[in-house]
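Here is a set of questions and answers on one protein model. Please look at the sequence and the structure first.

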Amino acid sequence: MQTDNEKMLQEIVQNTEMGKNTLDELIGLTHDQRLKDEMMRQKREYRRINQAAHTALDAIGAEAQGQSAAARMSVSMGIRTRTMMDKSTRNLATMLAEGSGQGVLDCKRAEKDYPAASPGARKLCQELGEFQSSAEETWREFV
């Protein structure tokens, strides 16, 4: 049975993979260099936090359970649908702001759902939530 610690770290892995995968899909759709640069910067931060969660899971002898294939496909289909007719900077930034906002909510939910998680896992989750909150504000500047 998974502990609160492991569950929170798994949430962080899935949350950061969602961010990385979304940015991977959207980066090729824009010609706005400023937007591309910000996407790359944020992708690096998602990767850093993801690696920290993987390391923490390894340390407790658990294997990371990334985003499911069904979840990846669902996100990919949603992106294709929402960008089919509109690949503007405004539309992409709006989608990214919405995704970052959802990520913040997911972190808040994990903090409440897993109160017995280790201080390290809680700190990493809080760091991810703060990063996504800041990212949401950054994306709004492009709208």
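**Cavity, pocket, cysteines and rings**

In this predicted model, the largest cavity is lined by Glu11, Ile12, Asn15, Asp106, Cys107, Ala110, Cys125 and Leu128.

Q: Which elements give two or more residues to the lining of the largest cavity?
A: The lining includes Glu11, Ile12, Asn15, Asp106, Cys107 and Ala110. Cys125 and Leu128 also belong to this lining. The elements that each supply at least two of the lining residues are helix 1, helix 4 and helix 5.

Q: How many nonpolar residues are in the lining of the largest cavity?
A: The space in this cavity is about 40 Å³. Its lining has two charged residues and one polar residue. The nonpolar residues in the lining number five.

Q: How many disulfides does the structure hold?
A: A disulfide is a covalent bond between the sulfur atoms of two cysteines. The cut-off for such a pair is 2.5 Å between the sulfur atoms. For Cys107 the closest cysteine sulfur, in Cys125, is 4.2 Å away, which is too far for a bond. Cys125 is likewise in no disulfide, and the number for the structure is zero.

Q: Is Cys125 buried or exposed?
A: A residue counts as buried under 20% relative accessible area. Cys107, at 3% relative accessibility, falls in that class. The relative accessible area of Cys125 is 1%, so Cys125 is buried.

Q: Which helices hold Tyr46 and Phe131?
A: Tyr46 and Phe131 are both buried. The two residues are 85 apart in sequence, so their pair ties together separate parts of the chain. Tyr46 sits in residues 33-59 and Phe131 in residues 119-142, that is, in helix 2 and helix 5.

Q: What kind of aromatic pair do Tyr46 and Phe131 form?
A: The structure holds two aromatic pairs, and Tyr46 with Phe131 is one of them. Their ring centres are 4.9 Å apart and the planes meet at 80°. Planes over 60 degrees apart put a pair in this class, so the pair of Tyr46 and Phe131 is edge-to-face.

Q: What kind of aromatic pair do Trp139 and Phe142 form?
A: Both residues lie in helix 5, three residues apart, about one turn of the helix. Trp139 is buried at 0% relative accessible area, and Phe142 is buried at 11%. The ring centres are 6.1 Å apart with 45° between the planes, and the pair is tilted.

Q: Which residues are the closest to the centre of the largest pocket?
A: The largest pocket holds about 530 Å³ of space. Its lining has 27 residues, and helix 1, helix 2, helix 3, helix 4 and helix 5 each give two or more of them. The closest to the centre are Met18, Thr22, Val75, Gly99 and Gln102.

Q: How many polar residues are in the lining of the largest pocket?
A: The lining of the largest pocket divides into three classes. Ten of the residues are nonpolar and four are charged. The polar residues number 13.

Q: How many residues of helix 1 are buried?
A: Helix 1 reaches 34 Å from its first C-alpha to its last, close to the 34 Å expected at 1.5 Å a residue. The helix is largely enclosed by the rest of the structure, because of its 24 residues the buried ones number 17.

Conventions:
Residues numbered from 1 in each chain as written. Predicted model: local features only at pLDDT ≥ 70, side-chain atom pairs only at ≥ 80, totals over all residues. Heavy atoms only, no water. Buried < 20%, exposed > 50% of the residue type's maximum accessible area, 1.4 Å probe, protein only. Phe/Tyr/Trp six-rings, centres within 6.5 Å; stacked < 30°, edge-to-face > 60°. Helix = DSSP H or I, 4+ residues; strand = E, 2+ residues; numbered from the N terminus. 1 Å grid on protein atoms, 1.4 Å probe; cavity = no way out; pocket = protein on both sides within 12 Å on 5 of 7 lines; lining within 4 Å. Points joined across faces, edges and corners; volume = space filled by probe spheres on them. Nonpolar A, V, L, I, M, F, W, Y, C, P; charged D, E, K, R; others polar. Expected span 1.5 Å × (residues − 1).
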